Amino acid sequence: MWCDREMRKDKSSILDEGESMSSTVYFVDARENNTPIVKRLGALVEHLSGDDSLSGNIAVKLHFGEMNNETFIKPFHIKAIIDSLSNLHKNAKFFLTDTTTLYKGERFNAIDHIMCAVYHGFSPSYMGCPVIIADGLSDEGVPVSENVEIAKVIYECDAMVVISHATGHGASSYGGALKNVAMGCVTKRTKRWQHEVTKPVLNEDICNLCGNCENACGFNVIKIEDGKIHFDSENCIGCCACIAACDVGALKTAENASELIQKRIAYVASEVLKNVRAYFINFAIHVTPFCDCAEMSPRFICDDVGVLASSDPVALDNATIDLIGVSAFEGDPKVQLREAHALGVGRLSYKIRKI
Ligand code: SF4
Ligand code: SF4
């Protein structure tokens, strides 16, 4: 069942079939079958699509990976999904999309972002569809509530397939489908609103003045001068780039920051999904402690789990976290799920159907 825009506007509709009902999560298990994952993605997409048909302009929401990140979902996996979708939905035109980042990296503006996507292999000639950056050259969005602006291209598309790399996250404990929607489908202003609560706290006692954070901060908020570290908290946007860059843990978010940002993620996801018809695929392979915004050598928090898909992002993220193992994450990764469920985005209860 696709998540319809009108159905999403009525927050109660997904729940009024009964709280006890569970959502189906389709699962390609990486641990049980010798057939490569890429060869099983077509069947996964077929089960997920069911009898539904898609037409018009369909956004495939990805994270193309920050420059020098090596664990983003690979183009050949995405291509297998798009080829299957294209075969199933002849009247649909697919495009790959993401929004520009809040932090000043290699995806901060649309031009650099497209070049980064192409560098990572997402070229139109290979993928068979173009890359369109959803907030355009000038951070264009459509306001849908006081703090939420949906990136214009995503607001205008006819439906969205959200493909997420499930990972840990320095601020939100876990990042999957809900976070991909909340942080990845909105303008910089809405990203900033979510991140306001995650300004880092500095422990000078363990800081070795290496300068990694100064290099990572695109906002000149941290400076190493005269043998001291200076942190201008007032002008910090809470993007967390410095936290990922600090090898010794001298920069951390405040104690309740994870809970606060997860609640904002749930709220923004609910606002986006009231307006955009969507379904969801999570890759729980190469599961890293940080998201694909991080430039880092691969380190994994669990063995590969597989690929999961559902029309319900809450059930999907819940199943993904359970299969990875809750203890693999820093803090409680399920705050965002409980909040999203309370907002009517989906069910916590799921049943797994193996493909
Ligand atoms: S200090 Fe850290 S969290 Fe704040 S803006 Fe700079 S990199 Fe982002
Ligand atoms: S990255 Fe960490 S250790 Fe290095 S200067 Fe910044 S706070 Fe200190």
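I take a residue as exposed when its relative accessible area is over 50% and as buried when it is under 20%. The model I am reading is predicted.

**Entry 1: Lys252**

I began with Lys252, which I located in strand β13, residues 251-253. Is Lys252 buried or exposed? Its relative accessibility is 52%, so I recorded Lys252 as exposed. I then listed its contacts, leaving aside residues up to four places away in sequence: Lys252 touches Lys199, Pro200, Val201 and Ile243. I also looked up the spacing to Gly170; the two C-alpha atoms are 8.3 Å apart in space, while Lys252 and Gly170 are 82 residues apart in sequence.

**Entry 2: Gln262**

I next turned to Gln262, found in helix α11, which covers residues 257-275. I noted a relative accessibility of 0% for Gln262, and because buried means under 20%, this residue counts as buried. What does the side chain of Gln262 reach at 3.0 Å? I found the backbone nitrogen of Gln336 at that distance. A polar atom of the Gln262 side chain also lies 2.9 Å from the backbone oxygen of Asp332. Asp332 and Gln336 both appear in the contact list of Gln262, together with Pro333, Lys334 and Val335. I entered Ser172 and Ser173 as further residues touched by Gln262; this list again omits residues up to four places away in sequence.

**Entry 3: strand β3**

I then examined strand β3, residues 92-98. How many of its residues are buried? I recorded 6 of the 7, so β3 is largely enclosed by the rest of the structure.

I followed the pairing of β3 to two strands. With strand β2, residues 56-61, β3 pairs in the parallel sense over 6 bridges; here I noted Ala59 opposite Phe95 of β3. With strand β4, residues 131-133, β3 also runs parallel, joined by 3 bridges. On that side I found Thr97 partnered with Ile132 in β4. I also traced the connection through helix α3, residues 75-88: β2, α3 and β3 make a right-handed β-α-β unit.

**Entry 4: the two ligands**

I closed with the ligand surroundings. Around ligand 1 I recorded 13 residues, of which Cys217, Cys236, Cys239, Cys240 and Cys242 come nearest. By class, this shell holds 12 nonpolar residues, 1 polar residue and no charged residues.

Which residues are closest to ligand 2? I found Cys207, Asn208, Cys210, Cys213 and Cys246, within a surrounding set of 14 residues. I entered the classes for ligand 2 as 11 nonpolar, 3 polar and no charged.

How values were computed
Residues numbered from 1 in each chain as written. Chains lettered and ligands numbered in written order. Predicted model: local features only at pLDDT ≥ 70, side-chain atom pairs only at ≥ 80, totals over all residues. Heavy atoms only, no water. Helix = DSSP H or I, 4+ residues; strand = E, 2+ residues; numbered from the N terminus. Buried < 20%, exposed > 50% of the residue type's maximum accessible area, 1.4 Å probe, protein only. Polar contact = N/O pair within 3.5 Å; in protein donor to acceptor, adjacent residues only side chain to side chain. Contact = heavy atoms within 4.5 Å. Pairing = 2+ DSSP bridges. Right-handed = clockwise from strand over helix to strand, strands pointing away. Near = heavy atom within 4 Å. Nonpolar A, V, L, I, M, F, W, Y, C, P; charged D, E, K, R; others polar.
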